[in-house]
Amino acid sequence: MLYSVLSALNVQTVLIGLLVVLVVYKLRQRWKYNVPPGPFCWPLIGSYEVIQAKFLHEIFVKYSKKYGPVFTVSVGPYHMVVLNDINSVTEALVKSKSDFADRPLVHSAHMLTEGSKDIIFAKYTPTWKLHRKISVKALRQYLAGNRLEEVLHASMNICLPLMAKENGAFNPENYIDLMVFNILNAVCFGESVELDDPEFMRFMKLSKKINEMTGNGFVEDMFPIMCKIWTTHKYRTIHNMNNELISIIKRKFEEHEETFNIDNVRDFTDSLILARKEAEQEEKAEILSQLSDTHLRQTVFNIFSAGIETSTVTLGFAVRYMAGLPEIQSKVQEEIDRVVGKDRLPTVKDRENLSYTEATLHEVMRLGTAVPLGIPHSTICDTRVGGYDVPKDTMVMINHWALHNDPNYWKDVKKFDPTRYLDENGKLGMKPESWLPFSAGRRGCLGESVAKPELHLIFATLMQKFKITLPEGTNPEIELCGSGAIAIPAPYKVIVKERNLL
Ligand code: HEM
């Protein structure tokens, strides 16, 4: 009895002690630094409202109205500064050079990336720089020819007839998935698959499940010590699903190594293998250590999966918006008919003459912001933003959704209006200041050069071929679904009619 009272007291004492240390630490931070203001947050738990929120980006907009565009909030043990307007975002990501270019250590992300050995969650280190440099170069080389078009046109030849055969209302998700998957599959592995390919179906299913399940976070991220003692069923399930995805990439990587030919660099994976072979020849031990199998595999995995998830969601929004906005859809189609005609598929080169179509995609990316809160940044040194101090190692979130819905920059902010992006001659004008779907600066999206032509090709082809409508009785308003890092439109159905039969 005495023993259990004593041990209970000990636990209480330790907890109270911990709490006191935490409160003193926080007060010291407040005295030492002029940190941004923010809502009340419980130690270790953070803001109750934020933990419960379905969509963090919306709660953050609410806070920014009260505390200003730069505020501080805590979620579990993570103390973060959130940037909600383009001025503070540009100051942090562009003007402050590398001050905000690090990533915080989030335990679940660390687990999913085999120890942050990827690009997306890697710390701001020479290894990250090397992989980013090799990747940018490899993507540029790949895009130099017209391989993107060839791959997409092949994929379209599979999807378009199947879509045309759909009777009545259907969810176009599978078709969009295949078109995007095949582009990234070609970029990364030089392959193309059919709609019923088991690996394609499994990959998409697992990716979506992981995104859905990681949405409301992990208890393990709140209490990292758990990773060493006991993990939740959810954590283990996601770990296993992710390992299955990694094993697919691992197998493809090994097949590439076996068939590698220096005179015929086939794809992104070959470019990485080549980079390693060059380092071997030059006997650069330090570089070689940064090009381990795990690092290379994770880099390919990043390009493959980051590209698929964001692009499928954006195209999902595009189809859903067009189905509910027949007048805008007609204008896009008039432009495509005029510039491309009906006898050939749109090409990347057509992009410069399809201003209204491009502007429509821009507006889709504004209102359907695919990555509303981007990927968390972290500070590499004590720095400043918006007139406040931001200590070293502070997590910083960029609220892209707030930027895209800021009434100070967007007139009639909720209205879908492609003309916002056009100049007086109807040509695509300067990028509006507060449009930033790919982020900016050192950690800005690495795949922007692939995403833009890829989205254009798929969107323009779908618009050229089909008139898309919503089944009767569908609410034209678009609702978001889930609470993952990627925003998805709520499940929807469309009816497609081949335009050349109308
Ligand atoms: C609609 C398409 C896409 C959108 C909206 C998008 C958006 C973003 C955003 C917001 C970030 C975070 C930037 C930051 O931390 O500030 C990011 C990072 C990244 N994206 Fe994309 N992305 C898209 C397509 C792609 C594609 C096609 C690829 C690959 C080919 C890709 C690869 C990456 C990588 C590797 C990073 C991490 C960069 C780093 O940490 O250095 N993305 N993307």
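Helices in these legends are DSSP runs of H or I with at least four residues, numbered from the N terminus, and the model shown is a predicted one.

**View 1. The iron atom of the ligand and its protein donor.** Cys 445 is the only protein donor of the iron atom of the ligand, which its SG atom approaches at 2.3 Å. Along the chain, Cys 445 is placed in the loop that runs between helix 18 (400–404) and helix 19 (448–465).

**View 2. Polar contacts to oxygen atoms of the ligand.** In the side chain of Ser 439, an N or O atom is 2.6 Å from an oxygen atom of the ligand, while for the side chain of Arg 132 the corresponding distance to an oxygen atom of the ligand is 2.7 Å. Trp 128 likewise places a polar side-chain atom 3.0 Å from an oxygen atom of the ligand.

**View 3. The shell of residues around the ligand.** The ligand is surrounded by 25 residues, of which Arg 103, Arg 132, His 377, Ser 439 and Cys 445 come nearest. By class, 14 residues of this shell are nonpolar, eight are polar and three are charged. At least two shell residues are supplied by each of helix 6 (126–144), helix 15 (293–324) and helix 19, and helix 15 gives the most, with five residues.

**View 4. The packing of helix 12 against helix 13.** Helix 12 (residues 233–259) packs with helix 13 (residues 268–281) at an angle of about 60 degrees, and their axes are 10 Å apart. The two helices, helix 12 and helix 13, are therefore oblique to each other, and helix 12 passes helix 13 in a right-handed crossing.

How values were computed: Residues are numbered from 1 along each chain as its sequence is written. This is a predicted model: local features need pLDDT of at least 70, side-chain atom pairs count only at pLDDT 80 or more; totals for chains, interfaces and linings use all residues. Side-chain values use heavy atoms; hydrogens and water are left out. Donors are N, O and S atoms within 2.8 Å of the metal (3.2 Å for Na, K and Ca); water is not among the atoms, so sites may look incomplete. A residue is near a molecule or strand if one of its heavy atoms lies within 4 Å of it. A polar contact is a pair of N or O atoms within 3.5 Å; within protein, one must be able to donate a hydrogen and the other to accept it, and residues adjacent in sequence count only if both atoms are side-chain atoms. Ala, Val, Leu, Ile, Met, Phe, Trp, Tyr, Cys and Pro count as nonpolar, Asp, Glu, Lys and Arg as charged, and the others, Gly among them, as polar. Axes are lines fitted to C-alpha atoms, for helices over the stretch in contact, and angles run from 0 to 180 degrees between N-to-C directions. Angles under 35 degrees count as roughly parallel, over 145 as roughly antiparallel, 65 to 115 as roughly perpendicular and the rest as oblique. A crossing is left-handed if the near helix is turned anticlockwise from the far one by less than a right angle, and right-handed if clockwise.
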